[in-house]
Structures are given as C-alpha cells and as structure tokens.
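Please open the structure in your viewer and set it to a plain cartoon, so that side chains can be switched on a few at a time. The tour below goes from stop to stop, saying what to select and what is to be found there.

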Amino acid sequence: MLFKNASFLFPLVLPLGALASSGPGNGTSGFKTFQPGFKAILGEHPKLELLHENRTYPFAHEAPVYIPDTGDLFIVGNYQTPTGGQAIQISRMVPQKNGSYVREIIHPDIPMANGAINYRGGILFCDQGTKERPSSLIFMNATAPYETKVLLDSFYGRHFNSLNDLDVHSDGSIWFTDPTYGYDQGFSMKPDLPNQVYRFDPETGDVRVVADQIGQPNGIAFSPDESIVYVTDTDAVWGNGDNDSTRPATIYAFDVKYYSGSPFLVNRRVFAYTDNGIPDGVKTDTEGNVYAGCGDGVHVWSPAGVLLGKIQLPDTSANLAFAKPGEMFALNEYRLWKVTLSQHVQGTILNEL
C-alpha cells in the first residue's frame, strides 16, 4: 500500500558545470569529456535536472527501474546503520504533467531490497536478506497493492550471502551477483557460500555458478548482443568502514560461450578500473557503451573500455536507469537526477522489452 507521506518537488535545472549548493556531499555537477566520442552521447543540449532531494537520509541509492507504460520510476534507499539500522525504503516516483515528480513510499514484502530490473510486466528485486530471512530473488507487481513472490532463496539448500544486482537474458534466465554486503553491514546472515555470480532458469529451476574469484561481485549487465557479460568488483569498499584502495574497483568482461547448449563465461579480462570510488551498478546502451555509477557520478566507457566521459554529480552514484530515448535517471544518494542526452542513446534493457 502507499505510505501517506508522499512528497513533491519541481525540477531544478542546472547549467553545465554548475555547483550543487545544498545537502550532504557538495561537489561539481556537469559533464566532463575525455574523448571525442562522448560528444555523440551528450548531443547538442545535454542537461541535468534535480528532480528530488531529501537531506535527511539517502533515499536514492539503488534499484532504479523505469516503467515505460506509466513513466514511473522505482528506486530504493540506502541502509542506515548510524541510526541503529532500518529496513530499506522503496519509493515510487510518479511523473506529473508539469514536469515534477511525486515521491510515494511503498511497503512491499521486500525488507532489504538492492538491485532490480523490469521483469514480466513487474519488477524483479534482489533482496539482501536479514538475520531471520534468507536473501532471495523476489518478483513484485508494479501496481498497488504491490504483491510479491519469492522466485529463489537458496543454492540447493545453502542460503545466498546477500544478493546484490541482476540482469535478464533473452532466453529468460536470470543472472545475478552475490557479495557479502548484508553481513558486512550487520543485518543479514553469516555467509554460507563464496562470493559468486549465478545463472537461474526459472522454467527448469536450474541454478548454477557461472563466475567466482571476484572480491565483491556487484553490478552485472549484458552487452546488446549478449556476447559479453560485465561484472563490477567493488572489493575496495565493504560498506562497514573496511575500505582499501589497493583492492579492486574494477569492471570485468566475460565472453559468453555455449557448450552442449549451455552458456559458460570465458576469457575474463579487465574492462575498466575507475579512478574515483567504485563502479557499482552497470548498464549498457544499444551501441555497446558501458555506464557505471561511481564515486563522482556516472562514468561512460566505449565498448573497447576507453573512458569517454563523466556525468558528474555532487557525490557517489550507485546506479542509473535509462528511460525514453535520450533520457536517463541517475541516483545520487540524497538526490535524484534526470539526465538529457542525445536522442539516439537508448538503454539495452528497455530496448528488449
């Protein structure tokens, strides 16, 4: 059901390079070009619009899912340990005719949501689990009363560590990452498995490991032709204060090869290493460019791993979502931004719906 404290804010449009002047983590907002190819992505009139801001707690952390039929955007907040811990809030951002958005807090049965994706007319979440409830893949209807259904909550009886993010292959299989962030932050069970990447076939029930030996597997995304899988390793930051800049803050690329009709990941290689923070959520566009939320905003790489440019935000961006052609939503913890790019820029996920 809808929570009664819906909120409302007109968008604030910032010129390129403007300084966002309020809220935690002040910094520069704008666009920074490193290679000429970034100009084709930005288009003639790139723009940043501050759609919503909450200075009290980070409401715009993860799981951005854009619903094409309604224009709604679903997002989740960050876990707040300084206040003693709380369930993660899930918000529905509802567009208004005047260009503003109304934020409605909803309460589906998903206590510790993180990554999410469009799935069969609704939304599929990675729930990180609690000390009493295992981490799981949970489907949620995108309309009230937001009914939920658990699709998977164990690897043949062994509970997952803390499911983080996911992508869906055109064959219907669900690929997801499983680091230990829930346990590291003190709200989920002790790990029972290595940190790994999985493939789940909901039609047959088959679930298997497709990648391991990754410090903290986090974001995951397919290339447009699904020949490559990108997985971010955010081992440099554990979420409990154990940060180490000598550990990976890296995007790995794997080739998808088939043997006896089954996909395997081969030829692991470094696709990119971020110069600021960690590459958290990762997405691709229909041209094969790779976007990731990093320490100073959204970084954009070419399919060859060349850093093209940055969409700079005042603080960390954990994830992003493509919307209509030429539009993107960027999550910025205490702020939600709408980014206007070239009209030819489209997200791979929405292109497949």
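What follows is a walk through a predicted model, with stops at a pocket, two cavities, some salt bridges and a sheet.

**The largest pocket**

Begin by selecting H61, N78, V237, G239 and E333, which are the closest to the centre of the largest pocket among the 32 residues that line it. The volume of this pocket is about 690 Å³. If you then colour strands β9 (113-119) and β22 (290-294), you will have marked the elements that give two or more residues to the lining of the largest pocket. Colouring the lining by class shows 16 polar residues beside 12 nonpolar and 4 charged ones.

**The cavities**

Keep β9 coloured, since this strand also supplies at least two residues of the lining of the largest cavity, as do β5, β21, β25 (320-322) and α3 (348-351). A search of the whole structure finds 4 cavities of 30 Å³ or more, and the largest cavity holds about 110 Å³ of space. To centre the view there, select N118, K283, A321, F322 and I349, the closest to the centre of the largest cavity out of 14 lining residues. In contrast to the pocket, where polar residues number 16, the lining of the largest cavity has 9 nonpolar residues, with 4 polar and 1 charged.

Next, leave K283 and I349 selected and add D167, I220 and V282, for these five are the closest to the centre of the second largest cavity, which is lined by 13 residues. About 80 Å³ of space lies in this second largest cavity. Strands β9, β13 (166-168), β17 (217-222) and β21, together with α3, each supply at least two residues of its lining. By class, the residues of that lining divide into 8 nonpolar, 2 polar and 3 charged.

**The sheet that holds D167**

From D167, move to W175 in β14, which stands opposite it. Strand β13 pairs with β14 (residues 174-178) in the antiparallel sense over 3 bridges, and both strands belong to an open sheet of 4 strands with the order β13-β14-β15-β16 and antiparallel pairing. β13 and β16 (207-211) stand at the edges, each with a single partner strand, so one side of each is left without a neighbour in the sheet. Looking across the sheet, you will find neighbouring strands turned by 25° against each other on average, direction ignored.

At the β16 end, select V197 and its bridge partner A211 in β16. Here 4 bridges join strand β15 (residues 196-200) to β16, and the two run antiparallel. They form a hairpin with 6 residues between them, and in the turn G205 has a positive phi of about 85°. Although β16 is an edge strand, it is mostly covered, with 4 of its 5 residues buried.

**Salt bridges across the chain**

For the last stops, show the side chains of Asp, Glu, Lys and Arg; the count of salt bridges comes to 13. Which strand holds R335, and which holds E53, its partner in a salt bridge? R335 is in strand β27 (residues 335-340) and E53 in strand β4 (residues 47-53), 282 residues apart, so that the pair links distant parts of the chain. Their side chains meet at 3.5 Å, N to O. R335 is buried, with a relative accessible area of 1%, and E53 is also buried, at 19%, where the cut-off for buried is under 20%.

Then select D72 and R92, whose closest N and O atoms are 2.8 Å apart in a salt bridge. D72 lies in the loop between β5 (62-66) and β6 (73-76), while R92 lies in strand β7 (residues 90-95). Both residues are buried. Add E104 to the selection, and you will see a network of salt bridges linking D72, R92 and E104.

Finish with D275 and K310, a salt bridge in which the closest N and O atoms are 3.0 Å apart. Because D275 lies in the loop between β20 (262-273) and β21 (282-284) and K310 in strand β24 (residues 307-312), the pair ties together parts that are 35 residues apart in sequence. Is each partner buried or exposed? D275 counts as exposed, at 55% relative accessibility, whereas K310 counts as buried, at 4%.

Terms used
Residues are numbered from 1 along each chain as its sequence is written. This is a predicted model: local features need pLDDT of at least 70, side-chain atom pairs count only at pLDDT 80 or more; totals for chains, interfaces and linings use all residues. Side-chain values use heavy atoms; hydrogens and water are left out. On a 1 Å grid over the protein atoms alone, a cavity is a set of points where a 1.4 Å probe fits but cannot get out, and a pocket is an open set with protein on both sides within 12 Å along at least five of seven lines; lining residues have an atom within 4 Å of a point. Grid points are joined across faces, edges and corners, and a volume is the space filled by probe spheres set on the points. Ala, Val, Leu, Ile, Met, Phe, Trp, Tyr, Cys and Pro count as nonpolar, Asp, Glu, Lys and Arg as charged, and the others, Gly among them, as polar. A salt bridge is a side-chain nitrogen of Lys or Arg within 4 Å of a carboxyl oxygen of Asp or Glu. Buried means under 20% relative accessible area, exposed over 50%, partly exposed in between (1.4 Å probe, protein chains only). Two strands pair if DSSP finds at least two bridges between them. Axes are lines fitted to C-alpha atoms, for helices over the stretch in contact, and angles run from 0 to 180 degrees between N-to-C directions.
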